[in-house]
Amino acid sequence: MTDAQDHGAALPAGGGDLDVAALQNRLARFAAARDWQPFHTPKNLATALSVEAAELVEIFQWLTPEQSARVMDDPESAHRVRDEVADVLAYLLQLCEVLGVDALAALAAKIDRNETRFPVPEGPGDVGDPEEPKKGIRHSPES
């Protein structure tokens, strides 16, 4: 593999018109060039994903809601956020690749289920089924 292939020269660095499959392929080539595949087990990838998500959370840990809304205004903070988001996405895409999960199809199916589970409120003050929270503590409708 050439250095240009290893760094994905055919893919624009800024994102461009990339798709999930192209990114997964690029990540697979990157790992293969370094003989990392034996370490990319579902357990290891899920663990790495969790660690990177925690690093993203760390950026916001002691910020007020107002400060967190402005985190991208500071170039250094914005750079850290973009890097951690990239790490989270990279490990998630690698995990999906290893497990044979179509990430976009899984997301579309989950949105479909959530649209059924959480219908649009009918009027002011209507927050949905008041019996729903009794099934367990939930911090967001996506869980």
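## A nonpolar patch on the surface

In this predicted model, three residues, Phe30, Trp36 and Phe39, come together as a nonpolar patch on the surface, and their accessible area adds up to about 310 Å². One member of the patch, Phe39, is found in the loop that runs between α2 (20-33) and α3 (42-60). Phe39 has a relative accessible area of 54%, and because exposed means over 50%, this residue counts as exposed.

The loop between α2 and α3 also holds Asp35. With a relative accessible area of 55%, Asp35 is exposed. The backbone of Asp35 deserves a careful look, since its phi is near 55°, which is a positive value in a residue other than glycine. This positive phi occurs just after α2.

## The overall fold

The secondary structure of the protein consists of six helices and zero strands, and reading along the sequence gives the pattern α-α-α-α-α-α. Of its 143 residues, 17% count as buried. The protein exposes about 10,500 Å², and carbon and sulfur atoms supply 60% of that area.

Contacts can also be sorted by how far apart their partners stand along the chain. Among contacts in the protein with a separation of 6 or more, 58% are accounted for by residues 24 or more positions apart.

## Helices α2 and α3

Helix α2 has 14 residues, which at 1.5 Å a residue should span 20 Å, and its end C-alpha atoms are indeed 20 Å apart, so the two values agree. Helix α3 has 19 residues and reaches 28 Å from its first C-alpha to its last, which is close to the 27 Å expected at 1.5 Å a residue.

Which residues of α3 are buried? They are Leu45, Ala48, Leu49, Glu52 and Ile59. Seen down the axis of α3, these buried residues fall within an arc of 105°, and they therefore line one face of the helix. A general rule helps in reading such a pattern: an α-helix has 3.6 residues a turn, so residues three or four places apart point the same way. The face of α3 turned away from the buried side carries the exposed residues Lys43 and Val57, while the cover over the buried residues includes α5 (75-99).

Thr47 also lies in helix α3. Is this residue buried, exposed or partly exposed? At 42% relative accessibility, Thr47 counts as partly exposed, because that value falls between the limits of 20% for buried and 50% for exposed. The C-alpha atom of Thr47 is separated by 9.2 Å from that of Tyr91, although the two residues are 44 residues apart along the chain.

## Helix α5 and its neighbours

Helix α5 has 25 residues and reaches 36 Å from its first C-alpha to its last, close to the 36 Å expected at 1.5 Å a residue. Its buried residues are Ser77, Ala78, Val81, Glu84, Val88, Ala90, Leu93, Gln94, Leu95 and Cys96. Against which helices do the buried residues of α5 pack? They pack against α2, α3 and α6 (103-117). Just after α5, Gly100 takes a positive phi of about 75°.

Gln94, which lies in helix α5, gives a closer view of this packing. At 13% relative accessibility, Gln94 counts as buried, because the value is under 20%. Leaving aside neighbours within four places in sequence, Gln94 is in contact with Leu27, His40 and Leu45. One of these partners, Leu45, is itself among the buried residues of α3. Another, Leu27, stands 67 residues from Gln94 in sequence, yet the two are 7.2 Å apart in space, C-alpha to C-alpha.

Key. Residues numbered from 1 in each chain as written. Predicted model: local features only at pLDDT ≥ 70, side-chain atom pairs only at ≥ 80, totals over all residues. Heavy atoms only, no water. Helix = DSSP H or I, 4+ residues; strand = E, 2+ residues; numbered from the N terminus. Buried < 20%, exposed > 50% of the residue type's maximum accessible area, 1.4 Å probe, protein only. Contact = heavy atoms within 4.5 Å. Areas by Shrake-Rupley, 256 points an atom, 1.4 Å probe, with all protein chains shown as cover. Patch = residues over 30% accessible without salt bridge, like charges linked within 9 Å, V, L, I, M, F, W, Y side chains within 5 Å. Salt bridge = Lys/Arg side-chain N within 4 Å of Asp/Glu carboxyl O. Expected span 1.5 Å × (residues − 1). Arc of directions from axis to C-beta.
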